[in-house]
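Work through the exercises below with the structure open. Each task is followed by a solution in steps.

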Amino acid sequence: MGEFFKGIGKIGYEGRDSANPLAFKYYDPDEVIGGKTMREQLRFALSWWHTMGGDGTDMFGVGTADKTWGESDPAARAKAKVDAAFEIMDKLSIDFFCFHDRDLSPEYGSLAETNAKLDEITDYIKAKQAETGIKCLWGTAKCFDHPRYMHGAGTSPSADVFAYAAAQIKKAIEATVKLGGNGYVFWGGREGYETLLNTNMGLELDNMARLMRMAVEYGRSIGFKGDFYIEPKPKEPTKHQYDFDTATVLGFLRKYGLDKDFRMNIEANHATLAQHTFQHELRVARDNGFFGSIDANQGDPLLGWDTDQFPTNVYDAALCMYEVLKAGGFTNGGLNFDSKARRGSFTPEDIFHSYIAGMDTFALGLRIAQKMIDDGRIDRFVADRYSSWNTGIGKDIIDGKVGFAELEKYALEKGEVTDSLGSGRQEMLESIMNNIMFSM
Ligand code: XUL
Ligand code: CO
């Protein structure tokens, strides 16, 4: 096995004054922030699809990056991909990876052959994991690219397609368990619709829940103790994806009794496609006890599709890490870079620049988020803003001691509300945020 990235050594932490583009300026893996090392807080993961397979192909042109890893035979290429992925993770101090079944090993003639070839690759990965200590964050099944999934997988009108998807997901859960993954993701690739004129929405949603329940039952039966995740996305590839956003998914999970086994995998660019901030999606998950894992990337505000760019927006990363810290940090989850270098950034070295940019952005985000908490001005302002709920009539409402009759009497006696309104102080808080960010 040769070296794929000759001339690129282990990426070290050189601090913010370094001008070396192949060094971390803010990610110091073993530095302790908020009681844990940065690598424990951030739990970075490489995404096998974009990094090892994505060659820049888009709707208007063929690939620009060579992701053949020097092999034309599919089985040899799958193995070379493993070697290259472990080299990248080692050089960048990335401790985890995420995969779709077909990123690891493609489809062959039959499902049986495809499964056997996948076993060979997972054997190979398992051996590399034992050598390096690199772990699997989560696995998933690619139930959206093959033509059989043109109308969806769990939500296909064809029961045969549902059965095929179930077989594929069964195998992907087995692969995840084999590689020690503590997460299994459902991203509803084509689980949605183009027009209600041809769609039985009620049956499709019932079936999607049936598929997930079977996955939970099977996963638990083979010893999977981790979290199942749903990754919300409002549109693309279908016009309307069923897992629109976190609030929609919560309603679905609770309706079908899946809420004990599932958490959320929030993706930044999916949040913005749903017209939410990244922080909003994380807050909804956290407040409901469904915070799980994160796909870290960013969209372009001028483009309406999922550009999956490596994240460089420090403001968003800081507010994200603030939610993560407030949720108590990651348990089974982590920060997976579901991100790809731009089509014009096609050289092997660009893989390193992209990850360094993304990892440093989240390292800065973590540092700022911890500072926001230590500084306390923002948290104190919010606590104070709601202080009318700690005593008097507010506490009586929360304690269930009063109803409409008592509140009417209270309002009549009190008259117009003047003393407890208070300014929202948005501009002052935004200014505090800038002060915290730029005094690093
Ligand atoms: C697609 C997307 C997927 C999931 C895994 O928008 O985010 O790559 O993360 O299936
Ligand atoms: Co994703």
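**Exercise 1. Determine how many of the residues of helix α15 (residues 404-414) are buried, and describe the residue just after α15.**

Step 1. Buried means under 20% relative accessible area, exposed over 50%, and partly exposed in between (1.4 Å probe, protein chains only). By that criterion helix α15 is hardly covered, since the count of buried residues among its 11 residues is zero.

Step 2. Helices (H or I, at least four residues) and strands (E, at least two) are DSSP runs, numbered from the N terminus. Just after α15 comes Gly-415, with a positive phi of about 80°.

The model is predicted: local features need pLDDT of at least 70, side-chain atom pairs count only at pLDDT 80 or more, and totals for chains, interfaces and linings use all residues. Residues are numbered from 1 along each chain as its sequence is written, chains are lettered from A and ligands numbered from 1 in the order in which they are written, and side-chain values use heavy atoms, with hydrogens and water left out.

**Exercise 2. Identify the protein donors of the cobalt ion (ligand 2) and assign the arrangement.**

Step 1. Donors are N, O and S atoms within 2.8 Å of the metal (3.2 Å for Na, K and Ca); water is not among the atoms, so sites may look incomplete. The protein donors here are Glu-231 (OE), Glu-267 (OE), Asp-295 (OD) and Asp-338 (OD), at 1.9 to 2.1 Å from the cobalt ion.

Step 2. Along the chain, the donors have the spacing E-x35-E-x27-D-x42-D. Glu-267 belongs to strand β10 (residues 262-267) and Asp-338 to the loop between β12 (335-337) and α12 (348-375), so this pair ties together parts 71 residues apart in sequence. Both Glu-267 and Asp-338 are buried.

Step 3. Six donors count as octahedral if opposite donors are over 155 degrees apart and all others between 65 and 115. The six donor atoms around the cobalt ion subtend angles of 77 to 172°, so the arrangement is octahedral.

**Exercise 3. Classify the packing of α12 against helix α16 (residues 426-437), and of helix α3 (residues 74-92) against α5.**

Step 1. Axes are lines fitted to C-alpha atoms, for helices over the stretch in contact, and angles run from 0 to 180 degrees between N-to-C directions. The axes of α12 and α16 come within 9 Å and cross at roughly 120°. Angles under 35 degrees count as roughly parallel, over 145 as roughly antiparallel, 65 to 115 as roughly perpendicular and the rest as oblique, and α12 is therefore oblique to α16.

Step 2. Contact means heavy atoms within 4.5 Å. Ile-368, Lys-371, Met-372 and Asp-375 in α12 meet Met-433, Ile-436 and Met-437 in α16.

Step 3. For α3 and α5, the axes come within 10 Å and cross at roughly 20°, which makes α3 roughly parallel to α5. Among the α3 residues that meet α5 are Val-82 and Phe-86, and the α5 residues include Ile-121 and Thr-132.

**Exercise 4. Is Thr-132 buried or partly exposed, and is Lys-171 buried or exposed?**

Step 1. Thr-132 lies in helix α5 (residues 111-132) and has a relative accessible area of 41%, so it is partly exposed.

Step 2. Lys-171, in helix α6 (residues 159-178), has a relative accessible area of 14% and is therefore buried. Leaving aside neighbours within four places in sequence, Lys-171 contacts Asn-115, Leu-118 and Asp-119.

How values were computed:
Tetrahedral: all angles 85-135°; square planar, octahedral: opposite > 155°, others 65-115°.
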